[in-house]
Amino acid sequence: MKTIILSIVMAIILTGCNVFSSDIVKQPEGKVVLDNTSYTMVAGDYQWKEDNVEINTKSSPDIHDLADLFETLEVDKGDTLTFEIEKNPSSITVIRLNEDGTDEIVEMKDYTINMPSEEGYYIYELKTIWNKGKETFVFDVQIK
């Protein structure tokens, strides 16, 4: 009898914890949109502080490892990509890593960027900031 009661109490406690954490703090999701199709970007480092909950996760230090987790988008020269990021970040910085290892900040307007005019493989990193935290998103493209 004690085992049954203990099992019920544990189930109630665990259910209560899951409801609490999922309702209050949900990690924002970021998507990149190409030709009206959305692709979920890979989440990197994530920090969030809300009420009494604080979350800090660290991803692989190698951006190439994160890009490998994303299915590379095949795009044309000059195509336009749009971003959809939950919880409306107050700041987004887009950084493009070129094949030669150099990187540069990409101009974004209305959550939209233009693809380069040169063929090649590029990795994009979005550094997003909210008043309660920050998160990095990664995706890659092959320009044909």
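Let's start with the aromatic cluster: Phe-70, Phe-83, Tyr-124 and Phe-139 belong to one such cluster. For ring pairs, I'm counting Phe, Tyr and the six-membered ring of Trp, with centres within 6.5 Å; planes under 30 degrees apart are stacked, over 60 edge-to-face, and the rest tilted. Before I go on, this is a predicted model, so local features need pLDDT of at least 70, side-chain atom pairs count only at pLDDT 80 or more, and totals for chains, interfaces and linings use all residues. Residues are numbered from 1 along each chain as its sequence is written, and side-chain values use heavy atoms, leaving out hydrogens and water.

Okay, how many aromatic pairs does the structure hold? Five. Take Tyr-46 and Trp-48: their ring centres are 6.1 Å apart and their planes sit at 25°, so that pair is stacked. Then there's Tyr-124 with Phe-139, where the centres are 5.1 Å apart and the planes are at 10°, so this pair is stacked too. In sequence, those two are 15 residues apart: Tyr-124 is in strand S10 (residues 120–130) and Phe-139 is in strand S11 (residues 133–143), so the pair ties those parts together. By the way, when I say strand or helix, I mean a DSSP run, numbered from the N terminus: helices are H or I with at least four residues, strands are E with at least two.

Are these rings buried or exposed? Buried here is under 20% relative accessible area, exposed is over 50%, and partly exposed is in between, using a 1.4 Å probe and protein chains only. Tyr-124 comes out buried, at 0% relative accessible area, and Phe-139 is buried at 0% as well. Over in the other pair, Tyr-46 is buried at 2%, and Trp-48 is buried at 6%.

Trp-48 also leads us to a charged residue. Its side chain makes a polar contact of 2.8 Å with the side chain of Glu-50. A polar contact means a pair of N or O atoms within 3.5 Å; within protein, one must be able to donate a hydrogen and the other to accept it, and residues adjacent in sequence count only if both atoms are side-chain atoms. Glu-50 sits in strand S3 (residues 42–50). So which side chain of opposite charge is nearest to Glu-50? That's Lys-132, 4.0 Å away, and Glu-50 is buried yet has no salt bridge. For a salt bridge you'd want a side-chain nitrogen of Lys or Arg within 4 Å of a carboxyl oxygen of Asp or Glu. On charges, Lys and Arg are positive, Asp and Glu negative, and His and the chain ends aren't counted.

S3 also holds Val-42, which is buried at 12% relative accessibility. Val-42 and Glu-71 are 29 residues apart in sequence, with 9.7 Å between their C-alphas.

Let's zoom out. The protein chain has two helices and eleven strands. Reading from the N terminus, the elements go α-β-β-β-β-α-β-β-β-β-β-β-β. Of its 144 residues, 35% count as buried.

Now, the open sheet. Four strands make it up, in the order S2-S1-S6-S9, and the pairing is antiparallel. S2 and strand S9 (112–114) are the edges, with a single partner strand each, so one side of each has no neighbour in the sheet. On average, neighbouring strands in this sheet are turned by 30° against each other, direction ignored. Those axes are lines fitted to C-alpha atoms, for helices over the stretch in contact, and angles run from 0 to 180 degrees between N-to-C directions. As for pairing, two strands pair if DSSP finds at least two bridges between them.

Look at S1 (residues 30–34) and S2 (residues 37–40): they run antiparallel and are joined by four bridges. Leu-34 is opposite Thr-37 in S2, while Lys-31 is opposite Thr-40. Together S1 and S2 form a hairpin, with two residues between them.

One last thing, on backbone angles. Most residues other than glycine have a negative phi. What is the phi of Asp-35? About 50°, so a positive value, although Asp-35 is not a glycine. Asp-35 is in the loop between S1 and S2, and it's exposed, at 65% relative accessible area. Asp-110 has a positive phi too, near 55°. You'll find Asp-110 in the loop between strand S8 (103–106) and S9, exposed with a relative accessible area of 65%.
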